[in-house]
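User: Could you take a close look at the aromatic rings in this structure for me? I would like the geometry, the exposure and the cut-offs behind each term.

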Amino acid sequence: MCTSKFKNTVDYYRCRGRHVFVCFIDFSTVFDTVNYWKLFSKLLSDDVDYVHILAYWYSNQRYFVRLRSSLSSWFYLGNGTRQGSLLSPYLFAITDLISNVVDSGVGYKIADQILNILAYADDLVLLAPSWNAIQSLLSIFHAQATYIDMTTNI
């Protein structure tokens, strides 16, 4: 769906002789580096009881490494979400980052809505009509990504 929306938007503006500036963003080991404490602070602002259960569950998990029939001592992990888990995309929690980019008002106006970011799991695309606009979106993105301790691949 994101790819289709991206292609349609680019085709629409290019056919009308307009420029389309894009930046493809890939978070570095995103599911391994989610900061638990920032994640749960954000989720707790929603004042939902199940967040307490998740916070307890994630902060008290113990891990082992199994090699054939040998088992290591247990240890805790301080960050990360499980890839493939039904909860991982929700716990990735980049909704504030996306909202701040969308709310900037910078981007393409389509049917009274701003289109400036497409997201699929940990891959994002920023779209803008000019160099200045894409830089503005990147600045907003950078500030938000820094706040949630996320880094991107170069």
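Analyst: Happy to help; here is a walk through the aromatic rings, with some background on the model first.

This is a predicted model, in which local features need pLDDT of at least 70 and side-chain atom pairs count only at pLDDT 80 or more, while totals for chains, interfaces and linings use all residues. Residues are numbered from 1 along each chain as its sequence is written, and side-chain values use heavy atoms, with hydrogens and water left out.

The mean pLDDT (the predictor's confidence in each residue, from 0 to 100) is 79 for the protein, and 72% of its residues reach 70 or more. The secondary structure comprises 7 helices and 7 strands; helices (H or I, at least four residues) and strands (E, at least two) are DSSP runs, numbered from the N terminus. Of these elements, β1 has the highest mean pLDDT, 92, and helix α5 (residues 88-92) the lowest, 54.

Now to the rings. A pair of aromatic rings is described by the distance of the centres and the angle of the planes. Rings of Phe, Tyr and Trp (its six-membered ring) pair if their centres lie within 6.5 Å; planes under 30 degrees apart count as stacked, over 60 as edge-to-face and the rest as tilted. Searching the whole structure gives 4 aromatic pairs. One of them joins Y12 and Y13 edge-to-face, with 5.0 Å centre to centre and 85° between the planes.

Another pair is F21 with W131: their ring centres are 4.8 Å apart and their planes stand at 55°, so this pair is tilted. It links distant parts of the chain, since F21 belongs to strand β1 (residues 21-26) and W131 to helix α7 (residues 131-147), 110 residues apart.

How exposed are these four residues? Buried means under 20% relative accessible area, exposed over 50%, and partly exposed in between (1.4 Å probe, protein chains only). In the tilted pair, F21 counts as buried because its relative accessibility is 14%, whereas W131, at 64%, counts as exposed. In the edge-to-face pair, Y13 is buried at 6%, while Y12 is partly exposed at 42%.

Y12 has further contacts. Ring pairs link Y12, Y13 and Y108 into a cluster, and R16 lies over the face of Y12, 3.6 Å from the ring centre. A charge sits over a ring if NZ of Lys or CZ of Arg is within 6 Å of the ring centre and within 35 degrees of the ring normal.
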